[in-house]
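User: I'd like to go through this model spot by spot, with the reasoning behind each call. Keep it casual.

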Amino acid sequence: MGLPEERGRNGSGSGGREEAGAGGRARSWSPPPEVSRSAHVPSLQRYRELHRRSVEEPREFWGEIAKEFYWKIPCSGPFLQYNFDVTKGKIFIEWMKGATTNICYNVLDRNVHEKKLGDKVAFYWEGNEPGETTQITYRELLVQVCQFSNVLRKLGIQKGDRVAIYMPMILELVVAMLACARLGALHSIVFAGFSAESLCERILDSSCSLLITTDAFYRGEKLVNLKELADESLEKCREKGFPVRCCIVVKHLGRAELGTGDSPSQSPPIKRPCPDVQDKLKEKFKCIQPQISWNQGVDLWWHELMQEAGDEFEPEWCDAEDPLFILYTSGSTGKPKGVVHTVGGYMLYVATTFKYVFDFHTEDVFWCTADIGWITGHSYVTYGPLANGATSVLFEGIPTYPDVSRLWSIVDKYKVTKFYTAPTAIRLLMKFGDEPVIKHSRASLQVLGTVGEPINPEAWLWYHRVVGAQRCPIVDTFWQTETGGHMLTPLPGATPMKPGSASFPFFGVAPAILNESGEELEGEAEGYLVFKQPWPGIMRTVYGNHTRFETTYFKKFPGYYVTGDGCRRDQDGYYWITGRIDDMLNVSGHLLSTAEVESALVEHEAVAEAAVVGHPHPVKGECLYCFVTLCDGHSFSPTLTEELKKQIREKIGPIATPDYIQNAPGLPKTRSGKIMRRVLRKIAQNDHDLGDTSTVADPSVISHLFSHRCLTIQ
């Protein structure tokens, strides 16, 4: 797959660096290191030319790239039709409507049969324990996907049905999502760190026919009984009048009981250290599996179903605009939004962004540390790498277990060349100093990436200096669940780097910065980040609620897709994301709705009202600071604080657990009753520069909150 008019180019170039000065602005940092640029990455000047063409002639540009994929029926009608202006009618985006394909066929069958990559490793799987490893080739993955497609078809799953997947980072998760894609069903993957309540809410919203889960898994030293959570969720669904008729369970922790057959038709064996190796681990885990409840007539074992399944399955040929998956993301109204991505455009976009942003070559070993439960895992663990025939690492564990060198030992073990992680992980590991990193070689690393939130310059510089040994370009990528793939990003070896900047728009992306009146700002500017026209990977709707899709993303500024993020463009044309403009929080790279957390708090009998704001955190980037007003007859105490944290963990998940909860007998409100969260953010940070507070109905509330604020760390 090559860029139009760019295939076969070679060259070398330097990736200049910049060092952040005051206010996050960058100054030159010399001398710039020499960074090789491959045939895939054009020079900066050539990139700008190609980008201009991709924006001015999107049909021709993406039409050339589409020729690199298999289409059962090629596009014969309009390649692109859309409306971004709510004043002119319904919002819609259609790329290659009428063309038919199957994304699973493109990422597996073609790699095995046409590109002869059947024996190439698709994934190295690295478990929670260093001794737990396995791998799967493209041919083995294809066989398992066909088998599980047959399983789903036998259970009555058809094109257009929704399937919920609630699993840790194991190979069966990839098999399950690709099997759904193969038969045209929509997968709705729910992060295994979410609560039973969150899972139930997502199953109900999209009316999922079936749930796929796991017995249990370890996350570091913590045992997560996922089946128990799944059972609790399905019981909640039944109580709300929606019984899910089938739950398929992978025997993950109990896998050793199944034997270690070599047949690719079986789940890949995990070489567990217990019971024959590493006595200390044997003693620690005692090889005793958690008690797994079983619901006759509903629960089915994955391995038993697979044993009876055939290993061939004709793909369901789907229209390019048929939905591929639903992925829920937090919304500012509190109710998560079911973001819908479609087959054709998403396939083109994730394949292309993966290839050029990471400068992919066939010999690379790619590692994205994100969980597949998030969009980063969908696009850059599964679909993007597989579409390019890449070998990837799939990691079940955490960066600090069994020690803080775990990531770098894995890099050396598999000779990882391209490494993609979150600023949260970088800041976490920075705390332990350079030694845990530099004791490992990391000589294989060529490109580093960051994702999930803007990276602060200090963390960027440590990542570049220590992890990358000052020789690896860093691609700091800005994008969203809704965009499907990278929107603003450097290209390695072509774009001079500025720590903390998302740099330039990717091909086909036309950004603009607007002021409050909706006017486009030129040159150096700061305001609302919007996009002026569609790219192939853009979401098409909110599942079951197209009005919400239009209101959330297109109503504020008709004619534009509104990201909800603030942005600054500097004198060199680089883009700097300044944070969410609406009431959203970015905790460890995961977006959380303040309304969703507030709703969970007020469900407690003691809480009359709640307001949640973000607070800077040295590792997470941002954490939750909650103000709660109690009902009469209730008193604030450490016990209540723990109860509230527990309630949020159960309602939303551990990721939303607040760091701080403050008793607030009153909240700063306008005379019309609106809570002034701007003031609350200042209080949380002990910043007395409040600006204009003339609209506050009761100013005494502010001084009381300041005097009783939680002791925080920056």
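User: Where is the place of His 440?
Analyst: Quick ground rules: this is a predicted model where local features need pLDDT of at least 70, side-chain atom pairs count only at pLDDT 80 or more, and totals for chains, interfaces and linings use all residues. Residues are numbered from 1 along each chain as its sequence is written, and side-chain values use heavy atoms, with hydrogens and water left out. Helices (H or I, at least four residues) and strands (E, at least two) are DSSP runs numbered from the N terminus. On that footing, His 440 belongs to the loop between helix 14 (435–438) and strand 23 (447–450).

User: Is His 440 buried or exposed?
Analyst: Buried means under 20% relative accessible area, exposed means over 50%, and partly exposed is in between (1.4 Å probe, protein chains only). Contact means heavy atoms within 4.5 Å, and beyond residues up to four places away in sequence, His 440 touches Ser 405, Trp 408, Ser 409 and Asp 412. Because its relative accessibility is 17%, His 440 counts as buried.

User: What about Ser 76, buried or exposed?
Analyst: Ser 76 is in the loop between helix 2 (58–66) and strand 5 (80–83). Its C-alpha atom is separated by 7.1 Å from that of Gly 98, which is 22 residues apart from it along the chain. The relative accessible area of Ser 76 is 75%, so this serine is exposed.

User: Which residue's backbone oxygen lies 2.9 Å from the side chain of Thr 483?
Analyst: Thr 483 is in the loop between strand 24 (474–476) and strand 25 (488–489), and at 0% relative accessibility it is buried. Leaving out neighbours within four places in sequence, its contacts are His 341, Tyr 349, Trp 535, Gly 537, Ile 538 and Tyr 561. The backbone oxygen 2.9 Å from a polar atom of the Thr 483 side chain belongs to Gly 485.

User: How far apart are the C-alpha atoms of Thr 483 and Thr 563?
Analyst: Along the chain, these two threonines are 80 residues apart. In space, their C-alpha atoms are separated by 9.2 Å.

User: Now some packing. What is the orientation of helix 3 and helix 4 to each other?
Analyst: Axes are lines fitted to C-alpha atoms, for helices over the stretch in contact, and angles run from 0 to 180 degrees between N-to-C directions. The axes of helix 3 (residues 103–114) and helix 4 (residues 138–154) come within 9 Å and cross at roughly 135°. Angles under 35 degrees count as roughly parallel, over 145 as roughly antiparallel, 65 to 115 as roughly perpendicular and the rest as oblique. That is why this pair counts as oblique.

User: How many nonpolar residues are in the contact of helix 3 with helix 4?
Analyst: Helix 3 residues including Val 107, Leu 108 and Val 112 meet helix 4 residues, among them Leu 141, Leu 142 and Val 145. Ala, Val, Leu, Ile, Met, Phe, Trp, Tyr, Cys and Pro count as nonpolar, Asp, Glu, Lys and Arg as charged, and the others, Gly among them, as polar. The contact of helix 3 with helix 4 has two charged residues, two polar ones, and a nonpolar count of eight.

User: And what is the orientation of helix 10 to helix 11?
Analyst: Helix 10 (residues 343–357) and helix 11 (residues 375–387) have axes 8 Å apart and pack at an angle of about 90°. That angle is why helix 10 counts, relative to helix 11, as roughly perpendicular.

User: Which residues of helix 10 make that contact?
Analyst: On the helix 11 side, the contact includes His 378, Tyr 383 and Pro 385. By class, this contact of helix 10 with helix 11 has eight nonpolar, four polar and no charged residues. Helix 10 supplies Tyr 346, Val 350, Ala 351, Thr 353 and Phe 354.

User: Any backbone oddities? What is the phi of Met 96?
Analyst: Most residues other than glycine have a negative phi, and most peptide bonds are trans. Met 96 is in the loop between strand 6 (92–95) and strand 7 (100–101), and at 1% relative accessibility it is buried. It is not a glycine, yet its phi is positive, at about 60°.

User: Which peptide bond is cis?
Analyst: Look at Pro 402, in the loop between strand 21 (391–395) and helix 12 (406–414). With omega near 0°, the cis bond is the one from Tyr 401 to Pro 402.

User: Last one: how many residues of helix 6 are buried?
Analyst: Helix 6 (residues 196–206) is mostly covered, and its buried residues include Leu 199, Cys 200 and Ile 203. Among the elements covering them are strand 12 (210–214), helix 7 (226–239) and helix 18 (638–651). Of the eleven residues in helix 6, the number buried is eight.

Methods. A polar contact is a pair of N or O atoms within 3.5 Å; within protein, one must be able to donate a hydrogen and the other to accept it, and residues adjacent in sequence count only if both atoms are side-chain atoms.
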